[in-house]
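Subject: Structure handover

Hi there,

Here is the structure I promised to pass on to you. Have a look at it first, and then read my notes underneath.

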Amino acid sequence: MSPVTVSPVDAASAKAEYEALVAQGITLDLTRGKPSAEQLDLSSEMLTLPGENFRAADGTDARNYGNLRGLPELREIFAGPLGVPAEQLVAAGNSSLALMHDSVANALLSPVPGATRRWVEEPRVAFLAPVPGYDRHFTVCERLGVELVPVPMTPHGPDMDTVERLVAEDASIKGIWCVPLYSNPTGIAYSDETVRRLAGMPTAAPDFRIMWDHAYAVHHLTDTPARVADILPLAAEAGHADRPLVFGSTSKITLAGGGVAFLGASTANLDWWLRRLEARTIGPDKLNQLRHARFLRSVDGVAEHMRRHRELIAPKFAAVQRVLAENFADTPGVSWSEPAGGYFITLTVPDGLASEVVRLAKAAGIALTPAGATHPYGKDPDDAIIRLAPTFPPLAQVERAIAAVAVCLRLALATSGR
Ligand SMILES: Cc1ncc(COP(=O)(O)O)c(C=O)c1O
C-alpha cells in the first residue's frame, strides 16, 4: 500500500487523517515479538523426528530419564554460537526465561559460589536494568523481590561509566541484565570494550552475576552478522570466572515454546546449578533435544536455517524502516533503531508523547506494546520509547500497521505543537 507521506500538517488535517483511519475499523497488532506461522513452518519437518531411532550419539535412550546436562550433540552445535565450551553448556527445557527466573530464585534460596549467604538474607538485593530493556527480565526481578536500578543504554551497550560506579560502591547490587547481541528492544550489539569492562570491573558484591541473555545469537538480518565477544573466557581471564551466566534458546530458531534452552557457566556455577536442578527434575526432554540435533545438524545447519527466517522477516523490518523514513526523516525528536538482527525496532518520539501515540493507536484498532514496558516497573520517565515488533503479522499487515502508527504520531506531534 502507498505510505502516508508527511508534509508539515496542522492539527486539523492531522485530526482528519486520524479520524479517517479510525473509520476504517481495522484491527492490527505490532506487540508480539514472536515468530510468524511461516517461520514456524520452517521447522515442520522436525516434528517427524527422531522417528524410530531414538538413540543419541552416545547410545543414550532419549526416551528415558536421566542426563541432567542434556544431549552432548546438541550442546556441541550451540557451544560456538553461545560462546560457551560444550562441556560448560547445559541443554535444558523449553525456555531460557525459565532458566533466568530459576537462577535468580535459586540464588535467593541457596548461596551462589562466592556468596557469604543466601540473597534472601541480604537486607537489599538489586539488579541493574539497562533501559530500554526486555520487560520480562524486569518482571523476574519484580516478582522475586529484587529491586531494579535503571542504567542508560548506549549504541555500544550499557553506559559502562555508570555501571562501573554503581557496582563498585554498592554491594547490594548483585547483577545486571544484558542482551548482548541485537538487544531487545534497541537491536544494538555490545562492543568489545563493553564486554571487557563488564567481565573485568571491580564489584563490591563478591557474588555479582551478569545475566547474559544471548537470545538473538544467530538471528541476523544482514549479510554482515555482528559478533559479540565471548563473556565467559573474558571473565575467567579477569579472575571473575563465576560472574557470567549465559542463556540462550531455540525459541526463535525452531519452535517458540517447543524449543530447547541453554545455560552456560563456570564449572563452580554449573555444579551449584545442577545440585539445585537434581532436586527439581530427573532429566530434560531429550527426545526434543534429539530432534533438534538431527534437524539442525551443525552450526552451518543453524546458519542456513536462520537464513530462511531472514528471508521471511527482513522485508517486514524494511517496510517499517521505509514508512518511518518516508514520514519522519526530518522530524525533530523522532528517531528509530535500524537493527541488523533480532526481533524489535525501537521508535523514539519526543518526550511525553509515547503513551499518547499508543493510546491513539489503540483507539484506531492498532495494538502497540504499552509505553513504559521497556523500563522497570513499566515507567519510562521520558515517556518517549515505543517498541515495535514486526515479525508476527503478514507483510501487508505490517505495512498497514506502521502507516497507521505514522498517522497517530503525526496527530500526537501536531496537537502537542511539535
Ligand atoms: C531477550 C529475550 N530473552 C528471552 C526471551 C524468551 O526466551 P525463551 O522462549 O527461551 O524463554 C525473549 C523472547 O522474546 C527475548 O526477547
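Below is what I found, starting with the overall layout and then moving to the ligand.

Please keep in mind that this is a predicted model. The domain assignment splits the protein into two parts: domain 1 covers 8–30 + 303–416, and domain 2 covers 48–297. Their centres, taken over C-alpha atoms, are 30 Å apart. The two do touch: 23 residues of domain 1 make contact with 28 residues of domain 2.

Now to the ligand, which occupies the space of the largest pocket. Around it you will find Ser95, Ser96, Leu97, Tyr134, Val179, Asn184, Asp213, Ala215, Tyr216, Ser249, Ser251 and Lys252. Sorted by class, this shell has 5 nonpolar, 5 polar and 2 charged residues.

Which side chains have a polar atom close to a ligand oxygen atom? Asparagine 184 has one at 3.0 Å from an oxygen atom of the ligand. For serine 249, a side-chain N or O atom is 2.7 Å from a ligand oxygen, and for serine 251 the distance to a ligand oxygen is 2.6 Å. On its own the ligand would expose 400 Å², and the protein buries 87% of that.

Enjoy exploring it!

Best wishes

Technical notes:
Residues are numbered from 1 along each chain as its sequence is written. This is a predicted model: local features need pLDDT of at least 70, side-chain atom pairs count only at pLDDT 80 or more; totals for chains, interfaces and linings use all residues. Side-chain values use heavy atoms; hydrogens and water are left out. A residue is near a molecule or strand if one of its heavy atoms lies within 4 Å of it. A polar contact is a pair of N or O atoms within 3.5 Å; within protein, one must be able to donate a hydrogen and the other to accept it, and residues adjacent in sequence count only if both atoms are side-chain atoms. Accessible areas come from the Shrake-Rupley method with a 1.4 Å probe; for residues, only the protein chains shown count as cover. On a 1 Å grid over the protein atoms alone, a cavity is a set of points where a 1.4 Å probe fits but cannot get out, and a pocket is an open set with protein on both sides within 12 Å along at least five of seven lines; lining residues have an atom within 4 Å of a point. A molecule sits in a cavity or pocket if more than half of its atoms lie within 2 Å of its grid points. Ala, Val, Leu, Ile, Met, Phe, Trp, Tyr, Cys and Pro count as nonpolar, Asp, Glu, Lys and Arg as charged, and the others, Gly among them, as polar. Domain bounds come from an automatic or database domain assignment. Contact means heavy atoms within 4.5 Å.
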